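Biologist: I would like a close look at one part of this model, the last long helix and what follows from it. Please keep to what the coordinates give.

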Amino acid sequence: MDWKEALPEIVTQPGSRLRFREPLAKHTHFGIGGEATAYIEISTVSELSALARFHKQWDVPIAVIGRGSNLLVSDTGFKGIGVRLVGELATSEVDGNVVSVGAGLALPALSKTMSQRGLSGVEFALGIPGSVGGALIMNAGAWGSSFGDVVTDVTVMTDTGELVNLTHAEANFEYRHSGLETYFCVTGATLALEPGDVDTITERMQTFYKQKVATQPFTEENAGCMFKNPPGDSAGRLIDISGLKGYRIGGAEVSTIHGNFILNLENATAEDVLQLVAYIQQQVRDKTGISLQTEVKRLGFDAKDG
């Protein structure tokens with residue numbers, strides 16, 4: 001028996017599902033990428049724990065891809081298991097101003113629900129199409145706020161299937177980074193939000209959202225901001241002054257609305273995107289002396305992020 005024959009024993013709950021040879025382009029906002037050997041939607045902690053032990057036993061690569069909003073998948077796909085957390089791993093529970101959230105919960109849903117409850121602190125998240133887990137790992141943010149700012153503790157799972165609670169300090173939140181990637185999976189977090197007026201919070205949330213729609217590409221397929229902002233500057237500004245807006249390689253194009261977005265306009269390949277990323281980095285470095293580092297994660301490639 002190989003791991004593909006053993007895997008169905010893990011996925012037993014009604015809310016979960018398993019598919020083999022699943023195109024990951026269907027599960028990323030970029031709409032790019034080859035097949036995963038297997039794709040699982042996990043709905044319970046017990047299944048996730050079993051998957052962690054399975055990973056350790058069979059030594060098969062596993063990637064929690066969440067909602068695929070900040071991800072570029074190789075054209076050759078991913079020789080392993082892609083995972084999305086759903087069901088009980090994508091819920092929220094409110095107790096006063098303390099909120100327990102599952103890693104699979106969509107950020108827009110979290111933002112809307114908290115505004116309706118009169119809780120402030122995640123208004124910026126309405127325009128971020130990712131999941132709570134991804135936001136924790138990347139310390140996602142917008143409009144001067146970062147997700148880690150409202151986190152009091154994080155629950156992670158080890159590769160033996162055990163749940164471990166980490167304090168805010170132990171999570172090591174930094175700009176667009178944390179120390180959470182070393183664990184098998186992030187399962188959830190506790191947030192401390194500020195009570196406030198529902199109408200005021202909702203208005204602020206909608207203002208952020210309208211700013212995003214007006215200043216960033218919204219309808220075209222993309223993976224969000226491609227590059228991290230260098231200290232004291234903006235990647236979008238540097239790309240703009242380097243004359244790169246609208247520059248295109250294959251089906252991938254630098255957005256004319258915001259330079260820090262690469263669009264999949266005409267069936268772009270991952271190779272198109274990587275070539276465009278390298279060209280942008282070279283041009284910006286030549287013109288400004290600044291080396292841009294990518295923010296978007298890569299899956300299925302041999303090389304590490306640049």
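Which residue takes a positive phi just after H8, and what is its approximate value?

Modeller: Gly289, just after H8, has a positive phi of about 80°. This is a predicted model, in which local features need pLDDT of at least 70, side-chain atom pairs count only at pLDDT 80 or more, and totals for chains, interfaces and linings use all residues. Residues are numbered from 1 along each chain as its sequence is written, and side-chain values use heavy atoms, with hydrogens and water left out.

Helices (H or I, at least four residues) and strands (E, at least two) are DSSP runs numbered from the N terminus. Helix H8 covers residues 270-288, 19 residues in total. The expected span is 1.5 Å times one less than the number of residues, so H8 should span 27 Å, and its end C-alpha atoms are indeed 27 Å apart.

Among the residues of H8 that are buried (under 20% relative accessible area, where exposed is over 50% and partly exposed lies in between, with a 1.4 Å probe and protein chains only) are Ala270, Asp272, Val273, Leu274 and Leu276. Further along H8, Val277, Ile280, Gln281, Gln283 and Val284 are buried too. With contact meaning heavy atoms within 4.5 Å, the buried residues of H8 pack against helix H7 (235-241) and strands S4 (71-73), S16 (248-249), S17 (252-254), S18 (262-264) and S19 (297-299).

On the other side of H8, the loop between S18 and H8 holds Asn267. Phi of Asn267 is near 50°, which is positive although the residue is not glycine. Most residues other than glycine have a negative phi. Asn267 counts as exposed because its relative accessible area is 72%.

Another such phi occurs in the loop between helix H5 (168-171) and S13, where Asn172 is found: phi of Asn172 is near 55°. At 43% relative accessible area, Asn172 is partly exposed.

Ser178 is in the loop between H5 and S13 and is buried, since its relative accessibility is 2%. Leaving aside neighbours within four places in sequence, Ser178 is in contact with Asn172, as well as with Leu136, Ile137, Ala171 and Phe173. A polar contact is a pair of N or O atoms within 3.5 Å; within protein, one must be able to donate a hydrogen and the other to accept it, and residues adjacent in sequence count only if both atoms are side-chain atoms. The Ser178 side chain has a polar atom 3.4 Å from the backbone oxygen of Leu136 and reaches the backbone nitrogen of Leu180 at 3.2 Å.

Glu181 also belongs to the loop between H5 and S13 and is partly exposed, because its relative accessibility is 47%. Beyond its neighbours within four places in sequence, Glu181 touches Ile137 and Lys297. The side chains of Glu181 and Lys297 make a polar contact at 3.5 Å. The C-alpha atoms of Glu181 and Leu105 are separated by 18 Å, with the two residues 76 apart along the chain.
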